[in-house]
Amino acid sequence: MSALLQINDLRVEGRRNTRSPYSPIVKGVSLEVNRGEVLALIGESGAGKSTIAVSSMGYAKPGCRFSGGEVIFDGISVLDMTLEQKRVVRGARISYVAQSAAASFNASLRLDDQITEVSMVHGVGTKAEAETRMVDLARRMQLPDPENIIRKYPHQVSGGQLQRLMAVMAMNAQPDLLVLDEPTTALDVTTQVEVLAAFKDAIRDSGAAAIYVTHDLAVVAQVADRIHVLLGGETVEEGPTEQILHDPQEDYTRKLMAAVRPPPKRTGEGAGSREATDDTVIDVAAIDAGYGKRIGGGVVVQVLHDVSVDIPRGSAVGVIGESGCGKSTLARVISGLLPAASGEILLDGSALPSDVKDRTREQLRRVQIVMQMPDVSFNPLKTIGQALERPLEFYLDMPADKRRERVAELLKMVDLPAEFANRRPQALSGGQKQRVNLARALAAEPEVILCDEVTSALDTVVGAQIIELLKRLQDDLGVTFVFISHDLSTVASFADRVVVLYAGRVAEQGPTAQILSPPYHPYTSLLLHSVPEMRVGWLEEIRETETAQLAAASVVEIGATGCPFHKRCPMAIPGTCDVKDPPIRPLPNGHRIACHREVAELY
Amino acid sequence: MSDTSISPAPSKWHLPELGFLGWMSVGILVFWAFVVIFAPWIAPYEESTILTEKSFDPGDGSAFMLLGSDYLGRDVLSRLIYGARVTLGLAFAATVLAFVLGVTLGFVAGILGGRTDDIMSRINDAFVSFPSIMLALILVSAFGSSLWLLVLTIGFIEATRVYRIARSLAQNIMVMDFVEVSRARGESLWWILKNDVLPSAFVPLSTDFGLRFTYSILLLSSLSFLGLGVQPPLSDWGSMVKENMAALNYVLFYGLKVALAPLLPAVCIFSVTLANNLLVDWNLSRSQKDISGELIA
């Protein structure tokens with residue numbers, strides 16, 4: 001029997017605008033997908049993963065065109081179809097799940113109408129049948145209360161649920177082939193586990209084939225039967241999942257594997273090489289903060305509750321938590337962009353004005369912030385040189401000729417050539433921009449650099465390089481880093497101390513080694529267990545645990561009484577955890593856990 | 001390492017791809033700019049000199065009164081040429097005024113936000129809620145209609161529209177990460193305005209300038225047509241249409257040529273507004289193309 005989808009020597013080329021010439025994006029890739037099989041396409045951004053995936057529907061993105069090869073779906077050549085013929089196939093026989101479900105639903109239509117629309121348009125059975133299938137699929141996707149959740153509007157459900165509903169929509173017309181384009185990349189680890197599992201079950205049950213596009217090898221290990229590794233539009237290698245993971249043949253694949261940080265070991269070996277010192281550079285004391293000023297003090301939406309964190313000089317402090325936990329808010333409060341509602345920030349023991357406007361230039365110089373999105377953190381109209389010169393001029397009053405020399409030095413520090421000074425940010429890749437972003441912070445010769453999710457927008461390989469750079473800069477310059485991330489593996493590999501935030505409160509903080517070893521706060525434990533491991537079968541094991549099952553039940557809620565984690569906590573004590581704020585249990589080396597349970601119970 | 005590779009240097013400046021309509025629009029605007037600047041040298045006669053006693057004299061086809069005379073026996077061609085000066089000059093001055101006022105206040109409101117923004121924007125809403133022609137009529141009948149007052153009136157009315165665009169642009173730019181970076185650095189609001197907000201707002205604002213210029217021409221011409229705009233003996237396109245409307249009754253006696261007196265000024269208004277709109281459209285589609293171009297990579 002021939003394969004369901006067969007792609008032979010596919011070539012796609014694209015151009016930036018109508019003036020520029022076409023350049024190749026996909027340079028002769030061949031692959032096949034059999035019925036009931038999941039093929040993963042893996043590679044960095046720009047490798048042509050998505051382009052190949054959507055070519056199965058005979059679709060080329062705007063500015064792109066097919067220049068060679070053939071795509072054969074169930075015996076028919078897709079590229080030779082007319083648009084009318086393609087329409088019949090798309091949605092009904094091949095369907096697509098995009099990376100961002102939030103952007104893929106129409107905000108003003110109810111979910112059920114959108115989900116059944118595909119079946120209606122393609123005339124797959126009656127509306128009632130489509131609705132039955134929808135509820136059934138929603139149940140298989142483990143959505144809570146399937147009959148009612150589909151009657152909601154997109155903004156009324158969480159991101160993870162929306163992503164699953166997107167898959168329900170894609171599968172509703174019972175397609176033969178599903179194209180999943182990074183469907184879990186935008187999700188938190190805890191949510192990702194659930195969504196992955198739901199996808200895997202649904203694909204297996206429906207007997208459909210799937211193309212799964214991702215850059216995350218650990219995710220691939222859970223869902224794929226075969227892996228196809230791509231680099232720059234060309235095939236690197238292809239093989240069964242087990243073989244690619246354990247016996248890669250090509251250097252590039254090995255490099256990809258090396259970039260995946262091993263999940264933090266739960267034995268207590270963290271990065272924490274630097275000894276904790278008593279010399280605190282920043283002391284965050286009992287901060288409350290949030291958005292929207294209320295008349296007469298206080299905030300409308302409180303994000304941070306009574307957050308106290310010590311940042312020792314020369315250390316790297318990791319701040320971790322799911323989205324909505326207040327990580328970025330903490331960085332904004334320390335930098336003064338968001339003045340705290342109450343509490344104090346001490347820099348070297350003396351109070352720092354809470355509003356950036358009231359800080360002296362010297363105070364500002366000493367604390368720098370690096371933003372999450374490299375693409376939007378530069379003024380697109382200024383050159384890299386101008387962006388780097390401004391802090392030199394502003395903080396250090398450096399004359400113009402010395403500034404240019406210094407810019408070259410700064411670029412060198414972050415491993416970029418000095419010619420980049422004349423470039424505009426648009427000409428740089430994401431990783432390069434993030435390096436310049438760091439260089440801009442370093443230009444001020446600061447004592448503390450706040451890094452807000454600096455690797456989140458980058459590919460695994462590029463992100464790993466940025467982490468290496470941060471480590472080197474810290475060794476060379478002795479700068480203190482506050483490193484905010486939702487990725488526990490990244491934090492564990494870099495930070496000396498870790499602060500675990502949950503719903504705007506500190507759940508646990510302490511030296512990295514102690515955070516990664518028992519006793520754990522139950523939330524830390526959940527986070528640790530949710531980091532995907534790069535081996536087949538991990539997903540099944542983890543779903544057996546009670547922790548994961550409870551965690552799936554709910555999303556981060558801010559401002560509840562008692563311990564904010566109690567709804568998701570497997571160890572919650574009814575009548576206590578949901579009513580009273582948890583006590584802080586001190587352990588050696590400044591390790592503190594906020595929990596009603598005794599320390600002995602947290603092992 | 002691929003991370004440190006240098007992408008190709010940005011390409012050199014080259015002639016924009018305007019297409020036929022685009023170049024035609026540029027041609028029309030350059031032509032009118034030329035006419036405005038050199039009006040006294042091009043125009044065969046003074047605009048208010050009465051050359052013949054006959055109203056709507058179609059002329060004899062010679063160079064004398066090429067396009068005939070108007071209702072007072074003045075040369076239509078000369079009045080059109082001087083009219084271009086008044087119409088386009090006043091509209092341009094009013095648009096510049098609208099932008100100085102609207103952008104300054106809009107940016108202040110957008111950047112400061114909060115109570116200041118609330119008060120400024122509600123006052124502005126009150127003005128915006130009047131149809132612009134009605135507001136203009138009220139202002140002109142209250143303050144009179146000297147050329148300066150016309151510029152002030154139209155400038156003010158259009159400024160209320162510009163304000164809204166400038167304010168929302170400023171609000172959007174102020175929450176961009178690169179502005180946050182500048183704020184965290186401790187830069188003054190003035191520095192941020194000058195270096196981050198204004199340059200980023202330039203393209204959308206320049207597009208709006210084109211549109212606003214068109215609206216100003218139309219508003220001025222409407223006022224003149226109603227007799228409240230430019231006053232005789234000065235000529236402007238709007239009042240020329242009104243003055244010479246009666247010529248349409250003479251078509252039967254003098255032939256079609258007399259209809260040029262009221263129709264040509266209308267055609268002139270049409271040509272400028274059309275050319276302007278085409279260029280605005282081109283500017284918009286170009287910026288959209290750049291955005292989608294980014295996606296391809």
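**Chain B and the enclosed cavities of a predicted model**

Chain B exposes about 14,800 Å² (Shrake-Rupley method, 1.4 Å probe), and carbon and sulfur atoms supply 71% of that area. The model is predicted, so local features need pLDDT of at least 70 and side-chain atom pairs pLDDT 80 or more, whereas totals for chains, interfaces and linings use all residues. Residues are numbered from 1 along each chain, chains are lettered from A in the order in which they are written, and side-chain values use heavy atoms, without hydrogens and water.

The secondary structure of chain B comprises 10 helices and 0 strands (DSSP runs of H or I, at least four residues, and of E, at least two, numbered from the N terminus). Of its 297 residues, 43% are buried (under 20% relative accessible area, 1.4 Å probe, protein chains only).

The structure also holds 5 cavities of 30 Å³ or more. A cavity is a set of points on a 1 Å grid over the protein atoms alone where a 1.4 Å probe fits but cannot get out, and its lining residues have an atom within 4 Å of a point. The largest cavity contains about 150 Å³ of space, the volume being that filled by probe spheres set on the points, which are joined across faces, edges and corners. Its lining numbers 16 residues, and Q368(A), I369(A), V181(B), A184(B) and R185(B) lie nearest the centre. Strand 16 of chain A gives the largest share, 4 residues.

The second largest cavity has a volume of about 110 Å³. Among its lining residues are R390(A), R440(A), R185(B) and D196(B).

Terms used: Buried means under 20% relative accessible area, exposed over 50%, partly exposed in between (1.4 Å probe, protein chains only). On a 1 Å grid over the protein atoms alone, a cavity is a set of points where a 1.4 Å probe fits but cannot get out, and a pocket is an open set with protein on both sides within 12 Å along at least five of seven lines; lining residues have an atom within 4 Å of a point.
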